[in-house]
Amino acid sequence: MTAIEAKGDSDIPGNEKVLLKKVTIMDNKMIDVKQLHYLDGFRNEENKLILEMESFAVENRIPILDRNAAAFLELQIRFSKPKRVLEIGTAIGYSSIRIARNLSNKAMLHTIEKSEDNIKLAEENISKSGFSEKITLYKGDALEIMPNLSSKYDFIFLDADKEDYKRLFDYSLMLLKKKGTLFVDNLLWHGFAAASHVPKQYKTSTRMIREFNKVFLNQQNLYSAILTIGDGIGLAVKTGKRNKKK
Ligand SMILES: C[S@@+](CC[C@H](N)C(=O)[O-])C[C@H]1O[C@@H](n2cnc3c(N)ncnc32)[C@H](O)[C@@H]1O
């Protein structure tokens, strides 16, 4: 789910126009509306705060993780059972809470946010969630905070400004343990990563995402893939040696 919408698509040709329209209408989910509604019929989210946060994010145009991508993130946390998780980009604490509720007993989440408005909202939501003891919120720019973090992490979730992705990725690689998981959001960037026409206001971010995707998929020491879940999820595991698929 995201607050960003494609505007003025009259000059977007053929299929891309359809794709971007779908993306806009459907809160940027690159999947058919019917299928989404069908799957939504099975949704049994009981946590009222999670549902409230989803509505709040839509109403206030705050970008949070697409709820299918969030379900996938929760599964990854359950599968990999990380002891230490780092999130870069807390926003209002939605994904932080979804991570925290899947952590094992002694596991912890460190999350970084630079927007003062979002920090205030995240603190309120984390406090309401009952997971305050599992979550530590670092306030400030991840580009300044990450170089000062000393302990490594089993799982890193990158979901910050796209312009900063490459540098945040480099820091993430340094902070990720061997066999650790890296989970990155927005790698299809509302459909623009694959589009031949990109609206002016998305040109820079789209270029950054395209460059990032090349690096992400060709990085030594990472076994990586980009999946068409939500807005495009990058998933990677840190390997010990040069990444070669057999
Ligand atoms: C897409 S939102 C995060 C959504 C959140 N992960 C969720 O799914 O609920 C991105 C957030 O990252 C924050 N951010 C962007 N660049 C950052 C940086 N360099 N350091 C810290 N926070 C950053 C923004 O202020 C924004 O709140």
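Hi everyone, let's start in the middle of the fold: four of the five residues of strand β1 (residues 84-88) are buried, so β1 is largely enclosed by the rest of the structure. By buried I mean that 20 or more other C-beta atoms lie within 10 Å of the residue's own; 12 or fewer counts as exposed, anything in between as partly exposed, and the C-beta atoms are placed from the backbone. Strands here are DSSP runs of E with at least two residues, helices are runs of H or I with at least four, and both are numbered from the N terminus.

Before going on, a word on what you are looking at. This is a predicted model, in which local features need pLDDT of at least 70 and side-chain atom pairs count only at pLDDT 80 or more, while totals for chains, interfaces and linings use all residues. Residues are numbered from 1 along each chain as its sequence is written.

How confident is the predictor? On pLDDT, its confidence in each residue from 0 to 100, the chain has a mean of 88, and 85% of its residues reach 70 or more. Residues 1-29 are below 50, and beyond near neighbours in sequence that stretch has 49 contacts in the model. A contact means two C-beta atoms, placed from the backbone, within 7 Å. Where pLDDT is low, the predicted coordinates should not be read in detail.

Now the overall count. The chain has nine helices and seven strands, and 40% of its 246 residues are buried. Of the contacts with a separation of 6 or more, 69% are between residues 24 or more positions apart.

Back to the sheet. What is the strand order? The seven strands form an open sheet running β3-β2-β1-β4-β5-β7-β6, with mixed pairing; two strands pair if DSSP finds at least two bridges between them. β3 (135-139) and β6 (222-227) stand at the edges with a single partner strand each, so one side of each has no neighbour in the sheet. Ignoring direction, neighbouring strands are turned by 15° against each other on average.

Let's walk outward from β1. On one side, five bridges join β1 in parallel to β2 (residues 108-113), with Ile 88 opposite Ile 112. β2 in turn pairs with β3, again parallel and over five bridges, and there Ile 112 faces Tyr 138. Helix α6 (residues 116-129) lies across β2 and β3, at about 170° to β3. For angles like that, axes are lines fitted to C-alpha atoms, for helices over the stretch in contact, and the angle runs from 0 to 180 degrees between N-to-C directions.

On the other side, β1 pairs in the parallel sense with β4 (residues 153-158) over four bridges. Ile 88 stands opposite Leu 158, and Glu 87 has Phe 157 as its bridge partner. Five of the six residues of β4 are buried, so β4 too is largely enclosed by the rest of the structure. Parallel pairing continues from β4 to β5 over five bridges, where Phe 157 stands opposite Phe 183. The chain gets from β4 to β5 through α8, in a right-handed β-α-β crossover. Right-handed means that, with the strands pointing away from the viewer, the path from the first strand over the helix to the second runs clockwise. β1, helix α5 (residues 94-100) and β2 make a right-handed unit as well.

Which helix does α8 meet? The axes of α8 and α9 (residues 203-218) come within 10 Å and cross at roughly 30°. That makes the two roughly parallel, the word being used for angles under 35 degrees, with over 145 roughly antiparallel, 65 to 115 roughly perpendicular and the rest oblique. The contact is made by Tyr 165, Lys 166 and Phe 169 of α8 with Met 208, Phe 212 and Val 215 of α9.

Finally, some loops. Ile 92 sits between β1 and α5 and is buried, with 26 other C-beta atoms within 10 Å. Beyond its close sequence neighbours, its contacts include Met 53, Phe 56, Leu 121 and Asn 125.

Two residues other than glycine have positive phi: Arg 61, near 50°, and His 190, near 60°. Are they buried or exposed? Arg 61, in the loop between α3 (48-59) and α4 (67-80), is exposed, with 10 other C-beta atoms within 10 Å. His 190, in the loop between β5 and α9, is buried, with 27. Thanks for listening!

Methods
pLDDT is the predictor's confidence in each residue, from 0 to 100. Lists of a residue's contacts leave out its neighbours within four places in sequence.
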